[in-house]
Amino acid sequence: MSVASEVQKLKKRYPDPLSAVMPALQVAQAENGGWLSPDAIREVADALDLTPAYCLSIASFYDQYYLEPIGRTHVEVCTNVSCGLAGAQQVVEAFEHELGVSAGSTSEDGAFTLGTIECLGGCGWATVVAVNNRHRLRVQAEDVPGIVEELRGA
Amino acid sequence: MPEYPSIVFAGTTDGGAVLDIAEYEKAGGFRALRKARAMAPDAVIAELDASGLRGRGGAFFPTGRKWSFVPKPDQLPKPHYLVVNADESEPGTFKDREIMLRVPFRFLEGCLIAAHGIESQHVFIYIRGEYEREFEVLRDSLEAMRRADLLGGVTVVLHRGAGAYICGEETALLESLEGKRGQPRTKPPFPAIAGLYAAPTAVNNVESITTVTPVFEMGGAEYAKLGVENSSGTRVFSLSGDVVSPGNYELPHGISMRELIYDIGGGVPAGRELKAVIPGGSSTSVLTAADIDTKMDFTSLVEAGSSIGSAGVIVIDDRCCMVQLGIRVSQFYEHESCGKCTPCRVGTKWVTQILQKIEDGRGSQADLDLLLSVCDRIMGKCLCPLGDSDAIAVLSYVDKFREEYQAHIDLGRCPFDGESSLEGILAPSELHAHHGHEPAHV
């Protein structure tokens, strides 16, 4: 289904079609390989009868809209207090080592983006690592080589 | 250890979930909804008042009273809305997620009871974007209820957030739901009068709404017998940090912190000592090992100089540098500030930078004074409590661990000599500076 027709469906869920802008950006992002290009933003704007500038103002506010290309696999390690106390920094460094990228960047082949992230709401199961928004719990540095091997094989 | 009643998680065992609607109904599910729907809306609110239920999101506002502020449809003839805050993001808090995963029908049943109480036909559940599995469970559970014809003409929309802590603040959440940047509004008007789409709106947290269901199953007066004065009922405490058995534990209000951390949580790992406890999410003032016998209820925690907040209890042992803790907490609020109010947008950054200077051994006595002054210039000067939360947290660390802060200044270095448990932790706000640095070990 095209982004435009998907957005028409989303609009019907709300009393005011402006409320559909967040889910519409999410649909456009998924359709565009995980990030919001200027064309993808324009598509949302056209479907909702908004300006691209308005849609960009929304996309730039929220952390889960990406305005630059990101890797096919996005690894985010929670480094807030509870995960930090459980050794999250060692997990970050293990991912840097295994993936060969520094946190905050994407591998040259576009396979992986590695980042740290604020509290994912899994403090009791630290360290929490989100892989394409799916959470892995109780990750320790020694688990990382196996995880990366699995992700490379996927 | 005494047996405690399971109210929110009733019907589940050993961390299990009730995801089958027939199983839920067979165990007594939807009785509360039928009972509530047979009552007049005013009687529903009176039942809630009798239960003493207070908001579990952090503000602890009486739920029944909140609903009573929503005008009757004939007083204000606009659509009425129930908005459920499932944007759980307070560091140290992970209870709503487990509630949605394990007892989704009890939560959704509570939504429908609440909608009846405020005479609303429209429910919006705002769930944080990072909760993918939780979203799927709610979507499927909702579909099962629709097929079982339980919605009674009420529309329930699941709206996904996209990564913004500030949207847990109710007016920022409403802005976000309207398709705007999630920035708090001035109050008044309060959401009860002019909330979503400028119409009467009740905004409630997931745990509060889920608790509504058992209140109607057992009756408000019976529920009020649980817990202690001013803090009735049970609470899902999220226990994390330096503790042997972290996790969510549903316990009556008023149990002691010692019981929670030691008897239930197994205490701090062997060979270490308890240093500090953050009792209600990172926005609350820190307590020390000396406060271990504090009761976990609203009044007792206020008397101890803190707050029950979201009941997210973070245990910290003696390996942790309290200046580093301040930096990491402040980095969070700096990153999540929406930018609308200058004291918060600029102040949180100042707090982080001054703390970093002290941690690096470059801080002077004047910097410590400046830190306190900046905190004072944030407190109470913004539209919402985000900036205040940073200031409250950091001020409490300085207050309770003044000698440790002073030692950084006197020694000209961190006394932990690189051995603190939060040493070198990379916050998202630092990623930009970090990006481009080749990792040394590659």
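**Entry 1. Domains of chain B**

I looked up the separation of domain 2 and domain 3 of chain B in this predicted model, and found their C-alpha centres 23 Å apart. The assignment I used divides chain B into domain 1 (21-225), domain 2 (229-317) and domain 3 (322-434). I then listed the contact between domain 2 and domain 3 of chain B: five residues of domain 2 meet eight residues of domain 3. On the domain 2 side of chain B, I noted one nonpolar and four polar residues, with no charged residue.

For chain A, I recorded domain 1 (3-59) and domain 2 (73-153). The C-alpha centres of these two domains of chain A lie 29 Å apart.

**Entry 2. Overall form of chain B**

I counted 19 helices and eleven strands in chain B. Its radius of gyration is 22 Å, close to the 22 Å that the globule rule gives for 442 residues, so I entered chain B as being as compact as a globular protein of that length. The C-alpha trace of chain B spans about 70 × 50 × 45 Å along its principal axes. I also noted that 55% of the 442 residues of chain B count as buried. Among contacts in chain B with a separation of 6 or more, I found that 72% join residues 24 or more positions apart.

**Entry 3. Helix H10 of chain B and two of its partners**

I examined the packing of helix H3 (residues 41-51) against helix H10 (residues 206-218), both of chain B, and read an angle of about 95° with the axes 10 Å apart. Angles of 65 to 115 degrees count as roughly perpendicular, so H3(B) is entered as roughly perpendicular to H10(B). From H3(B), I listed Glu47(B), Leu48(B) and Ser51(B), which meet Val212(B), Val215(B) and Phe216(B) of H10(B). I classed the residues of this contact between H3(B) and H10(B) as four nonpolar, one polar and one charged.

I next took helix H5 (residues 95-102) of chain B, whose axis comes within 9 Å of that of H10(B) and crosses it at roughly 45°. That angle makes H5(B) oblique to H10(B). Here I listed Lys95(B), Asp96(B), Ile99(B) and Met100(B) from H5(B), and Val206(B), Glu207(B) and Thr210(B) from H10(B). By class, I found three nonpolar, one polar and three charged residues in the contact of H5(B) with H10(B).

**Entry 4. Helix H2 of chain A**

I checked the burial of helix H2 (residues 21-31) of chain A and found nine of its eleven residues buried. The buried residues of H2(A) are Val21(A), Met22(A), Pro23(A), Ala24(A), Leu25(A), Gln26(A), Val27(A), Ala28(A) and Gln29(A). I traced their packing to helix H1 (3-11), helix H3 (38-48) and helix H4 (52-59) of chain A, and also to strand S3 (155-160) of chain B. Just after H2(A), I noted a positive phi of about 75° at Gly33(A).

**Entry 5. Contact between the chains**

I counted 58 residues of chain B and 47 residues of chain A in the contact. On the chain B side, I recorded that S3, strand S7 (234-241), strand S8 (247-252), strand S11 (312-317), helix H14 (322-336) and helix H19 (431-434) each supply at least two residues. H14(B) provides the largest share of that side, six residues. I divided the residues of chain B that touch chain A into 25 nonpolar, 22 polar and eleven charged.

**Entry 6. Two leucines of chain B**

I located Leu386(B) in helix H17 (residues 386-400) of chain B. I entered Leu386(B) as buried because it has 25 C-beta neighbours inside 10 Å. Leaving out residues up to four places away in sequence, I found Leu386(B) touching Ile166(B), Glu169(B), Tyr333(B), Glu336(B), Ser337(B) and Cys344(B). I also took the C-alpha distance from Leu386(B) to Arg328(B), 58 residues apart in sequence, and obtained 15 Å.

I located Leu19(B) in the segment before helix H1 (21-26) of chain B. With 16 other C-beta atoms within 10 Å, Leu19(B) is partly exposed. Leaving out residues up to four places away in sequence, I found Leu19(B) touching Pro104(B) and Val137(B). I noted 7.2 Å between the C-alpha atoms of Leu19(B) and Ser141(B), which are 122 residues apart along the chain.

Terms used. Residues are numbered from 1 along each chain as its sequence is written. Chains are lettered from A and ligands numbered from 1 in the order in which they are written. This is a predicted model: local features need pLDDT of at least 70, side-chain atom pairs count only at pLDDT 80 or more; totals for chains, interfaces and linings use all residues. Helices (H or I, at least four residues) and strands (E, at least two) are DSSP runs, numbered from the N terminus. The radius of gyration is taken over C-alpha atoms; the globule rule is 2.2 Å times the number of residues to the power 0.38. A residue is buried if 20 or more other C-beta atoms lie within 10 Å of its own, exposed if 12 or fewer, and partly exposed in between; C-beta atoms are placed from the backbone. Two residues are in contact if their C-beta atoms, placed from the backbone, lie within 7 Å. Domain bounds come from an automatic or database domain assignment. Ala, Val, Leu, Ile, Met, Phe, Trp, Tyr, Cys and Pro count as nonpolar, Asp, Glu, Lys and Arg as charged, and the others, Gly among them, as polar. Axes are lines fitted to C-alpha atoms, for helices over the stretch in contact, and angles run from 0 to 180 degrees between N-to-C directions. Angles under 35 degrees count as roughly parallel, over 145 as roughly antiparallel, 65 to 115 as roughly perpendicular and the rest as oblique.
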